[in-house]
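The exercises below are meant to be worked with the coordinates open. Try each task before reading its solution.

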Amino acid sequence: MQTEIIKVTEDSSVTELIAPAAEIIRQGGLVVFPTETVYGLGADATNPLATAKIYEAKGRPSDNPLIIHVSTPEEAEHYAFTNSLYYSLAEAFMPGPLTVILKARESIPLTTRGGLDTVAVRCPESEIARELIRQAGVPIAAPSANLSGSPSPTNASHVIDDMMGRVDAIIDGGDSDFGLESTIVKIDSETTVTLLRPGKITVEDISSIGVDVKLANAVTESMKTDEIALSPGMKYKHYAPSAPLLLVEGTPEQYAEYILTNSDSKNIAVICYDDESDYLSDKIPFADLYMFGKRSDKMAQAHMLFKVLRDTDKRTYSKIYAPLPSKNGIGLALYNRMIRAAAHKIIRL
Ligand code: TXA
Ligand code: MG
């Protein structure tokens, strides 16, 4: 398949550039587009033939449902049953990186929702994404635009690596702002939600508007063999680099010491905070260091994490080490992605 690349620059007119991509969506084709979280692999959410192509292009199991993207929170009415809690969340956080699971209406075919009776709805903040939805005139179903088993793409070169020749068009909108996927909540009652995936909208943010937030077990723990996945995505093997990744909790001194005493090979990658890299390169001169932001700067870490993991995976290391993030605020999103990439191998010093 021929893949057209549409590059959006500072001074280009988004409305004009997006028109051919919107036409591809209407015709049942696939368009990769930027959002403020990660890039999405989009198709007309109301067309089962179109969304079937998404599963094929990604190599994704057909029972792992897709998020539908709308250009205003109110549009969800056509595709799902909303309630007052949905509108409280929408008022506080939409457009933005929050996905809400609601009871689905028939207008969204079973293919799009992986056979479930619920549907995930998200109104992205990205102007390019919302313009694409508006011009297409349909909700756009989109998972992250990576091949199944790779980290979500946060720039066009990641998308090109994974999707060239598999989609009709790629809209290149530069680096994703945030870099980790949206927060996902399931509405349980008029006042309670369950957090299925942490993201930029934090537990603290949601609690601050008077909503009770329960954490799904799988956010911080590995799934038990008899546990039922609240979100189908939880039960699939998540991205992990080909070399074993080990998360280490401790001071920079303990981190260096642990790596020095436990590495039987010098062919290792060490993911580290910018402000600790000089110390670590002194202590472990043979390691390849990958910086991902200052220790105190979780936004920078979120922005860099998937890029750093993709970069380390281009080499064949015998081991990769990374610091274990804290679980508060945006830290919970980093923690959730990193324990999965490390297959829950955590060293606490
Ligand atoms: O930031 C994001 O959310 C990005 C951008 C493109 O919007 N999208 C994204 O989609 O991360 P995806 O498919 O990679 O992750 C969506 C997750 C999956 O784990 C899926 O199982 C879960 O949401 N999900 C989708 N519909 C669901 C539903 N009805 N009930 C429970 N979980 C659902
Ligand atoms: Mg994904």
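**Exercise 1.** In this predicted model, which N or O atom in a side chain is 2.9 Å from an oxygen atom of ligand 1?

*Solution.* Starting from the oxygen atoms of ligand 1, one arrives at the side chain of Arg122, where an N or O atom is 2.9 Å from one of them. The protein covers 95% of the 680 Å² of accessible area that ligand 1 has on its own. Next, turning to His69, a polar side-chain atom lies 2.7 Å from an oxygen atom of the ligand, while for Thr118 the partner is a nitrogen atom of ligand 1, at 3.0 Å from an N or O atom of the side chain.

**Exercise 2.** Describe the shell around ligand 1 by class and by secondary structure.

*Solution.* First, the shell comprises 26 residues, with Thr37, Asn64, His69, Ser182 and Gly233 the closest. Sorting by class then gives 13 nonpolar, nine polar and four charged residues. Finally, strand 4 (67-69), strand 7 (118-122) and helix 7 (232-235) each supply at least two residues, and strand 7 has the largest share, with four.

**Exercise 3.** Is Glu36 buried or exposed, and which polar partners does its side chain have?

*Solution.* Locate Glu36 in the loop between strand 2 (31-33) and strand 3 (40-44). Its relative accessibility is 6%, and because buried means under 20%, Glu36 counts as buried. The side chain of Glu36 then makes a polar contact with the side chain of Arg122 at 2.9 Å, and the Glu36 side chain also reaches the backbone nitrogen of Ser126 at 3.1 Å. Beyond four places in sequence, the residues that Glu36 touches include Gly96, Pro97, Asp177 and Phe178.

Notes: Residues numbered from 1 in each chain as written. Chains lettered and ligands numbered in written order. Predicted model: local features only at pLDDT ≥ 70, side-chain atom pairs only at ≥ 80, totals over all residues. Heavy atoms only, no water. Buried < 20%, exposed > 50% of the residue type's maximum accessible area, 1.4 Å probe, protein only. Polar contact = N/O pair within 3.5 Å; in protein donor to acceptor, adjacent residues only side chain to side chain. Contact = heavy atoms within 4.5 Å. Near = heavy atom within 4 Å. Areas by Shrake-Rupley, 256 points an atom, 1.4 Å probe, with all protein chains shown as cover. Nonpolar A, V, L, I, M, F, W, Y, C, P; charged D, E, K, R; others polar.
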